[in-house]
Amino acid sequence: VDSVINGIVHANSEANIVIKSTVPIGFTDAMRKKYNHSKVFFSPEFLRESKALSDNLNPSRIIVGDTTKEALVFANILAKCTQNSDHIPIIQMQSKEAEAVKLFSNTYLAMRVSFFNELDSFAEIQNLSARKIIEGVSLDPRIGNHYNNPSFGYGGYCLPKDTKQLLANFDKIPNNIIKAVVAANETRKDFIVETILKKNPSTVGVYGLSMKHGSDNHRESAVIDVLNKIIKSKIKVILFEPNLKKIKIRNVHMAKNVNELINSSDLIIANRYSKDLDDVVYKVYSRDLFNEN
């Protein structure tokens, strides 16, 4: 981002520069000072994986980290590109505030994921129905029936890096919740691995690396961390990833199709359940209770 801003400033000293990439709090101000260019502002985007187009067309809000007329012009351009431009909240604020909105939003979502994952861990150990508990909790309108499907841990493009970035920005600032969100995700993955190992499998099949239904992204996937922890326990691992044809992971055998995965595994783990596994559901370990992201 720094190098691109450098190129723009040298090409056109009057250009308005809009940063959409998620950046540390204070980055935009630092760029303004570094290049003596006041027309740099941050405007975060709030896009769900596998639903980016829909979220662009139907944004929950438009945030612009600048209070100038130019920034408002940009916000209105974004609004006009949506499907409901007359009812989308537009908020102008300082760049540092806009940067904070992005990081705190994603950290809250990570906290929500971690909360329901810990609820699920409790229910599994206590031999209770996590599904029924979550349904009962989520009927409270203050909590809501969304973003509550347990998983092996949060992952993907945004939540891991943004939670850690926000924690770094909290250096020397008192906090408990933010550091706990980061720690809780590691605890969840360790719990998943411990649960799998207690089943004493000789070969663990892994169905899919992606974090969400309809996505082919496996960057920072919690599944990969779980997979690597299993490998360290000297258990054979076989992987089938339906969305990626060319992928190699050290010490992991790649199944050519789902049948090979099924026939070669005595336990199959799936962060998100697939109908491909319906015939061998007795082999499957998944915490996907609602078949949604």
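Here are a few friendly notes on the sheet, the nonpolar cores and one pocket of this predicted model.

1. **The sheet.** A good place to start is the open sheet, where five strands follow the order β7-β6-β5-β8-β9 with parallel pairing. The edge positions belong to β7 and β9 (284–285); each has a single partner strand, so one side of each is left without a neighbour in the sheet.

2. **Pairing of β6.** With β5, strand β6 pairs in the parallel sense over five bridges. Within β6, K236 stands opposite T203. Towards β7 (residues 252–254), β6 is joined by three bridges, and the two strands run parallel. Here V237 has V252 of β7 as its bridge partner.

3. **How enclosed is β6?** Four of the five residues of β6 are buried, so this strand is largely enclosed by the rest of the structure.

4. **From β5 to β8.** Strand β5 is also joined to β8, in this case by three bridges, and these two run parallel. If you would like a pair to look at, V204 has L267 in β8 as its bridge partner.

5. **The largest nonpolar core.** This core has 24 residues, and those with the most contacts inside it are F152, I196, V206, V226, L227, I230 and I269. Helices and strands both contribute: α8 (177–198), β5 (203–207), α9 (222–232), β6 (236–240) and β8 (267–269) each supply at least two residues. The largest share, six residues, comes from α9.

6. **V226 as a viewpoint.** Setting aside residues up to four places away in sequence, V226 touches F152, K189, I192, V193, I196 and I269. You may like to centre your view on V226 when you look at this core, since V226 is among the residues with the most contacts inside it.

7. **Another core.** Apart from the largest core lies another of 14 residues, including I5, I17, F27 and Y35.

8. **The second largest pocket.** Which residues line the second largest pocket? They are Y108, M111, R112, S114, F115, F116, E118, V137, I143, A180, V181 and A184. The volume of this pocket is about 220 Å³. Both α5 (95–125) and α8 supply at least two residues of the lining, and the largest share, seven residues, comes from α5. By class, the lining has nine nonpolar, one polar and two charged residues.

9. **A link through α8.** One element to keep in view is α8, which supplies at least two residues of the largest nonpolar core and at least two of the lining of the second largest pocket.

Notes
Residues numbered from 1 in each chain as written. Predicted model: local features only at pLDDT ≥ 70, side-chain atom pairs only at ≥ 80, totals over all residues. Heavy atoms only, no water. Core = buried A, V, L, I, M, F, W, Y, C linked by side-chain atoms within 4.5 Å. Buried < 20%, exposed > 50% of the residue type's maximum accessible area, 1.4 Å probe, protein only. Contact = heavy atoms within 4.5 Å. Pairing = 2+ DSSP bridges. 1 Å grid on protein atoms, 1.4 Å probe; cavity = no way out; pocket = protein on both sides within 12 Å on 5 of 7 lines; lining within 4 Å. Points joined across faces, edges and corners; volume = space filled by probe spheres on them. Nonpolar A, V, L, I, M, F, W, Y, C, P; charged D, E, K, R; others polar.
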